Amino acid sequence: MSRKLKVVAVSGSLQRPSRTLVLVDQLLAALGEQIAIESRVISLGDIGPQFAGVLYRNQLPAAVEESIAAIESADLLLVASPVYRGSYTGLFKHLFDFVHHEALIDKPVLLAATGGSDRHALVIDHQLRPLFSFFQALTLPIGVYAVEKDFEGYEIASPALRERIALTVARAVPQLRDASPAATSTTPTAPAIRKPAPVALAA
Ligand SMILES: Cc1cc2nc3c(=O)[nH]c(=O)nc-3n(C[C@H](O)[C@H](O)[C@H](O)COP(=O)(O)O)c2cc1C
């Protein structure tokens, strides 16, 4: 029997209720309709106060260390953040500063963000994607950006956003099927680094 894909979602929202969390839940639900997943949501609002003043990983409280270990061992990361001052929050970056720099190599990462303004939709490509490029993760080509007017209260009200979620998942699933859990899992101490095949140069 094949194992379920281990999906770890990180929501960068600092508050509840949260539109970012609603978006995360919808993406997980849509993914779960297409492939067998087991999911876990890590909310920055919940764990942030426990690590905001911590400088070194070996000083993290056990619950935060366990959350970071879950991020590192996920088959798929779903990363979503609200836009603050044109980017993700400093606390979001602080969380990922604790993640081992080789732990996300080749890991698929689905990116999402929420903001108040349409103008900041490029937060996905200009802020989130470069961060995960540093980690040599495989950010999926389509991300989801939602704005406050896509929600009524804390429920998705926009058909366009629903369509975007469906498209994002439809484009993601074939890539996730190829990336078997065993093939995508890495550990910080033994990262699966793919060596490029030798190239034969013409004389
Ligand atoms: C301190 C702060 C800064 C914000 N800065 C921006 C911003 O630069 N651009 C933007 O589009 N929205 C900005 N917003 C709006 C939030 O990104 C938006 O309300 C988001 O959906 C909140 O997500 P949440 O409900 O998950 O916390 C900001 C909100 C706060 C509280």
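Gln 136 is partly exposed, with 46% of its relative area accessible. That value falls between the 20% and 50% cut-offs, which is why the label is "partly exposed" rather than buried or exposed. Keep in mind that this is a predicted model. Below, we start from Gln 136, then look at the ligand, a couple of backbone oddities, and the chain as a whole.

**Gln 136 and His 101**
- You'll find Gln 136 in the loop that runs between helix 5 (123–134) and strand 5 (138–139).
- Its backbone is a bit unusual: Gln 136 isn't a glycine, yet its phi is positive, at about 60 degrees.
- His 101 sits 35 residues away from Gln 136 along the chain, but their C-alpha atoms are separated by 8.7 Å.
- His 101 has a loop of its own to live in, the one between helix 4 (90–97) and strand 4 (108–115).
- Like Gln 136, His 101 is partly exposed, with a relative accessibility of 46%.
- If you skip the neighbours within four places in sequence, His 101 is in contact with Phe 134 and Phe 135.

**Around the ligand**
- The ligand sits in the largest pocket, and helix 1 (19–34) and strand 4 are the elements that give two or more residues to the shell around it.
- That shell has 17 residues, and the closest are Ser 18, Thr 20, Val 83, His 120 and Glu 148.
- Two backbones reach ligand oxygen atoms: a polar backbone atom of Arg 19 is 2.9 Å from one, and a backbone N or O atom of Gly 86 is 2.8 Å from one.
- Thr 114 uses its side chain instead, with an N or O atom 2.9 Å from an oxygen atom of the ligand.
- On its own, the ligand has 650 Å² of accessible area, and the protein covers 78% of that.

**Backbone oddities**
- As background, most peptide bonds are trans, and most residues other than glycine have a negative phi.
- The bond from Arg 16 to Pro 17 is cis, with omega near -5 degrees.
- Pro 17 belongs to the loop between strand 1 (5–11) and helix 1.
- Arg 85 has a positive phi, near 50 degrees, without being a glycine.
- Look for Arg 85 in the loop between strand 3 (76–82) and helix 4, where it counts as exposed because its relative accessibility is 87%.

**The whole chain**
- The protein chain has seven helices and eight strands.
- Of its 203 residues, 48% are buried.
- Among contacts with a separation of 6 or more, 80% join residues 24 or more positions apart.
- The accessible surface is about 10,500 Å², and carbon and sulfur atoms account for 54% of it.

Methods. Residues numbered from 1 in each chain as written. Predicted model: local features only at pLDDT ≥ 70, side-chain atom pairs only at ≥ 80, totals over all residues. Heavy atoms only, no water. Helix = DSSP H or I, 4+ residues; strand = E, 2+ residues; numbered from the N terminus. Buried < 20%, exposed > 50% of the residue type's maximum accessible area, 1.4 Å probe, protein only. Contact = heavy atoms within 4.5 Å. Areas by Shrake-Rupley, 256 points an atom, 1.4 Å probe, with all protein chains shown as cover. Near = heavy atom within 4 Å. Polar contact = N/O pair within 3.5 Å; in protein donor to acceptor, adjacent residues only side chain to side chain. 1 Å grid on protein atoms, 1.4 Å probe; cavity = no way out; pocket = protein on both sides within 12 Å on 5 of 7 lines; lining within 4 Å. Sits in = over half its atoms within 2 Å of the grid points.
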